[in-house]
Amino acid sequence: MLEKTTFNAPDGKPYQIVSLQNEKGMRIKLMDWGATWLSCQVPVKDELREVLLGCKIEDYPVQQAYLGASVGRYANRIANAQFELNGQMVHLTANQGKHQLHGGEGFAQRRWEMQKCGENFVCFSLYSADGDQGFPGNVNVTVTYTVTEDNAVKIEYEGGSDQDTALNLTNHAYFNLENAEQGSDIREHSLRLNADFYLSVDEEGIPNSPLKHVVGTSFDFRVAKAIKQDFLQDDQLATKGYDHSFIVNKAWQKPCVLLTSPNGDLSLEVRTSQAALQVYTGNYLAGTPKRNGEKYADFAGVALETQCLPDTPNHPEWQNYGGIQKANERYYQWTEFQFRG
């Protein structure tokens, strides 16, 4: 189902909103502004439960949390808003102090074109010109959202560039399997990660060491545990909680994430083709608007952003995990979020 708002987006045109559902009654909503995932309602004990944080449509351009947005050209941070590529220094538009976050005034702040739409899928496309936010190359990308019959949402990003460039796309949904409308404390959820290594960062979110093994640290989620169990220990102190990237063990047929609600009545499994996963526990969500006009508190949701490592353009040793897109080669990554009630 497609609807248009009676009010306009920043570009002076109405927002377009698409509703998709499967035979089991699971429903999601998406929007062409930012190719944003607005809502995800999952059947739990014969009732629909909202599991995504969200706000009023008119608040999406002003909220600062990237709620459900498609972010790019480069998800996460690039240090000092610059990097060297093919012997040339690339200077980007800084938008978080001296650094660039999520592509600057990037894909999350643009209107995507609705290419195709069916009962259970929608495809949005976007063109990004050479020099956009400082990045080289003309880039065309698409994102396809599909609701499957086993209560999963599959997100596929595809694209290419006519020049070598940095490209790293993800969706920035925040999950709360207990109460996404009010935003109960996500630290009560249980989390398991199929990951042996994580990346330490400084207080500005910039990597400050090589990859570290999770053994003996608060970043060891190889056995499920409550997020709160080892909260605000060691490397988390710089970022007020978890806001770190993990290398996903490459067995994509197995979930890289298992997130479970506090009472165990709903779980989320994540599978992906991506090499890494950013786990962000909503440490700075306070003040973000809710759908009812109230404000979320810190730790109201957890973002599970499948991507490559942050600041990869400045770290050739991490580029085997992705991040640098060669000219005229196909970019394709997928992530599947499966809910089990």
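Here are four short exercises on this structure, each with a worked solution.

The model is predicted, so to speak of local features we need pLDDT of at least 70, while side-chain atom pairs count only at pLDDT 80 or more and totals for chains, interfaces and linings use all residues. Residues are numbered from 1 along each chain as its sequence is written, and side-chain values use heavy atoms, with hydrogens and water left out.

**Exercise 1. Trace the open sheet**

Work out the order of the six strands in the open sheet and find which strands stand at its edges.

Solution. Start with two terms: strands are DSSP runs of E with at least two residues, numbered from the N terminus, and two strands pair if DSSP finds at least two bridges between them. The order reads β17-β26-β25-β22-β19-β20, with antiparallel pairing. β17 (174-175) and β20 (212-213) each have a single partner strand, so one side of each lacks a neighbour in the sheet.

Next, check both ends. At one end, β17 and β26 pair over two bridges, and phenylalanine 175 has valine 302 of β26 as its bridge partner. At the other end, β19 (residues 195-199) pairs with β20 over two bridges, and phenylalanine 197 stands opposite histidine 213 in β20.

**Exercise 2. Look around β26**

Decide whether strand β26 is enclosed or open to the outside, and sort its side chains by direction.

Solution. Take the cut-offs first: buried means under 20% relative accessible area, exposed over 50%, and partly exposed in between (1.4 Å probe, protein chains only). In β26 (residues 302-307), six of the six residues are buried, so the strand is largely enclosed by the rest of the structure.

Now sort the directions. Val302, Leu304 and Thr306 point one way, while Ala303, Glu305 and Gln307 point the other way. As a general pattern, side chains in a regular strand alternate between the two faces of the sheet. Finally, find a neighbour: β25 (residues 276-280) pairs with β26 over five bridges, and alanine 276 has glutamine 307 as its bridge partner.

**Exercise 3. Place the annotated residues**

List the residues in the UniProt "binding site" annotation, then describe the surroundings of Arg77 and Ala173.

Solution. The unreviewed UniProt entry lists Asn76, Arg77, His172, Ala173, Tyr174 and Asp243; such annotations may be inferred rather than shown by experiment.

Take arginine 77, in strand β7 (residues 77-78). Its relative accessible area is 11%, so it is buried. Beyond neighbours within four places in sequence, its contacts (heavy atoms within 4.5 Å) include Glu204, Asp243 and Asp311.

Turn to alanine 173, in the loop between β16 (170-171) and β17. With a relative accessible area of 3%, alanine 173 is buried too. Leaving out residues up to four places away in sequence, alanine 173 touches Trp37, Leu52, Gly68, Val302, Ala303 and Leu304. Val302, Ala303 and Leu304 bring us back to β26.

**Exercise 4. Count the disulfides**

Find how many disulfides there are, and explain the result for Cys117 and Cys308.

Solution. Apply the rule that a disulfide is a pair of cysteine sulfur atoms within 2.5 Å. The count comes to zero. For cysteine 117, the closest cysteine sulfur is in cysteine 123, 10 Å away, too far for a bond. For cysteine 308, the closest is in cysteine 256, 15 Å away, again too far.

Then compare their settings: cysteine 117 is partly exposed at 39% relative accessible area, whereas cysteine 308 is buried at 1%.

Key. Helices (H or I, at least four residues) and strands (E, at least two) are DSSP runs, numbered from the N terminus.
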